[in-house]
Amino acid sequence: MPEGDTVFQVAAQLHTALAGNILIESDFRVPRFAAVDLTGETVEEVVARGKHILVRLPQHTFHSHLMMDGQWHVYGRGTRWRKPGFRARAVLGTERVQAVGFDLGIVEVLPRETEADAIGHLGPDLLGPDWDPVVAAGNLMREPERPIGLALLDQRIMAGVGNVYRSELCFLRGVDPATPVREAGDPTAWAELAHRVLHANRNRTPRVTTGDLRRGRQLWVYGRRGTPCLRCGRPIESGTLADPSDVERAERVVYRCPGCQPPR
Ligand SMILES: [Zn+2]
């Protein structure tokens with residue numbers, strides 16, 4: 001699942017390509033919205049809310065989510081697509097460009113005024129104008145027995161942390177991801193750290209949490225199982241945290257350093 005900073009960058013790219021332009025092509029390749037036609041409408045803006053991407057038009061909001069494998073590509077009109085057409089879920093075209101969403105997890109066109117219903121369950125957006133660490137901290141404390149490594153992924157608490165950052169944040173705080181929220185330290189400090197790290201990476205790829213841009217040294221623990229901790233030298237471990245309600249379990253390996261993040 002993409003992190004909030006990735007979604008932020010995708011939305012910014014779509015905004016640059018589409019905002020202020022009239023759609024001459026709209027094609028939603030999901031049965032429920034196949035008949036919807038947005039041509040003639042002008043794109044006002046494209047924004048990210050958590051991991052959701054909203055294309056706002058005067059009457060409608062086109063809502064999409066990348067989920068596991070989704071990608072948006074922007075092509076000059078007439079340019080050959082880099083992915084097969086059957087994987088396209090949505091196409092928005094202006095005179096100059098085509099924005100093509102491949103393998104999107106959510107594709108829906110909503111009346112503009114009901115947009116909040118689709119994403120209203122989100123907590124404060126780490127990269128949005130509504131960011132509020134106090135609200136996020138309060139949300140975090142609502143389920144104090146929950147492991148911090150699961151709570152960080154819950155987009156209702158704060159929106160934007162994915163699998164990479166939850167491991168990195170736990171490392172940076174020196175906390176085992178299995179630690180209950182109530183024992184994991186100041187919740188506001190968690191929220192502020194998450195904001196700092198995502199904000200620092202909002203216009204940058206690859207993402208860096210160590211401050212070291214060299215390949216293989218950009219992240220503290222994520223994806224580094226068996227390799228020495230960059231801080232203490234002990235081998236990084238990986239595992240999973242059980243969550244029966246988790247629909248994306250397949251991807252949810254969490255990483256930790258047994259030296260820097262001792263179990264409680
Ligand atoms: Zn370590």
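Helices and strands are taken here as DSSP runs, helices of at least four residues and strands of at least two, numbered from the N terminus. On that basis Met-67 falls in the loop between β4 (60-65) and β5 (71-76) of this predicted model. Phi of Met-67 is near 45°, a positive value in a residue that is not glycine, and at 29% relative accessibility Met-67 counts as partly exposed. A positive phi also occurs at Asp-103, where the angle is about 55° although the residue is not a glycine. Asp-103 belongs to the loop between β7 and β8, and with a relative accessibility of 18% it counts as buried, because the cut-off for that class is under 20%.

The loop between β7 (97-102) and β8 (106-111) also holds Gly-105, which is partly exposed, with a relative accessible area of 44%. The C-alpha atom of Gly-105 is separated by 18 Å from that of Val-161, a residue 56 positions away along the chain.

Towards the N terminus, helix α1 comprises the 15 residues 4-18, for which a rise of 1.5 Å a residue predicts a span of 21 Å; the C-alpha atoms at the two ends are 21 Å apart, so the expected and modelled values agree. The buried residues of α1 include Val-7, Val-10, Ala-11 and Leu-14, and also Ala-17 and Leu-18. In general, an α-helix has 3.6 residues a turn, so residues three or four places apart point the same way. Just after α1, Gly-20 adopts a positive phi of about 85°.

Strand β2 (residues 45-49) is largely enclosed by the rest of the structure, because 4 of its 5 residues are buried. β2 pairs with strand β3 (residues 52-56) in the antiparallel sense, over 5 bridges, and within this pairing Val-46 has Val-55 of β3 as its bridge partner. The two strands, β2 and β3, form a hairpin with 2 residues between them, and Gly-50 in the turn has a positive phi of about 60°.

The model contains a zinc ion whose protein donors are the SG atoms of Cys-229, Cys-232, Cys-257 and Cys-260, which lie 2.2 to 2.4 Å from the metal. The angles among the 4 donor atoms run from 94 to 118°, and the site is tetrahedral. For comparison, the ideal angle at a metal with four tetrahedral donors is 109.5 degrees. Along the sequence, the donor residues of the zinc ion follow the spacing C-x2-C-x24-C-x2-C. Distant parts of the chain are thereby linked, with Cys-229 in the loop between α6 (187-200) and β9 (237-239) and Cys-257 in the segment after β10 (254-256), 28 residues apart. Both of these cysteines, Cys-229 and Cys-257, are buried.

Aromatic contacts also involve the loop between α6 and β9. Of ring pairs, the count comes to 6. One of them, formed by Phe-171 and Trp-220, is stacked, with 4.9 Å from centre to centre and 20° between the planes. Phe-171 lies in helix α5 (residues 163-173) and Trp-220 in the loop between α6 and β9, so this pair ties together parts that are 49 residues apart in sequence; both Phe-171 and Trp-220 are buried. Another pair, Tyr-222 with Tyr-255, is edge-to-face, at 5.1 Å centre to centre and 70° between the planes. Since Tyr-222 is in the loop between α6 and β9 and Tyr-255 is in strand β10, the pair ties together parts 33 residues apart in sequence. Tyr-222, at 24% relative accessibility, counts as partly exposed, whereas Tyr-255 is buried, with a relative accessible area of 13%. Elsewhere, ring pairs link Phe-28, Phe-62 and Trp-72 into a cluster.

The ring of Trp-220 has a further partner in Arg-231, whose charged end sits over it, 4.8 Å from the ring centre. The loop between α6 and β9 also contains Pro-206, and the peptide bond leading to this proline from Thr-205 is cis, with omega near -5°. Gly-226 is located in the loop between α6 and β9 as well and is exposed, with a relative accessible area of 53%. From Gly-226 to Glu-183 the distance in space is 27 Å, C-alpha to C-alpha, with the two residues 43 positions apart in sequence.

Technical notes: Residues are numbered from 1 along each chain as its sequence is written. This is a predicted model: local features need pLDDT of at least 70, side-chain atom pairs count only at pLDDT 80 or more; totals for chains, interfaces and linings use all residues. Side-chain values use heavy atoms; hydrogens and water are left out. Donors are N, O and S atoms within 2.8 Å of the metal (3.2 Å for Na, K and Ca); water is not among the atoms, so sites may look incomplete. Four donors count as tetrahedral if all angles lie between 85 and 135 degrees; four count as square planar and six as octahedral if opposite donors are over 155 degrees apart and all others between 65 and 115; anything else is irregular. Buried means under 20% relative accessible area, exposed over 50%, partly exposed in between (1.4 Å probe, protein chains only). Two strands pair if DSSP finds at least two bridges between them. The expected span of a helix is 1.5 Å times one less than its number of residues. Rings of Phe, Tyr and Trp (its six-membered ring) pair if their centres lie within 6.5 Å; planes under 30 degrees apart count as stacked, over 60 as edge-to-face and the rest as tilted. A charge sits over a ring if NZ of Lys or CZ of Arg is within 6 Å of the ring centre and within 35 degrees of the ring normal.
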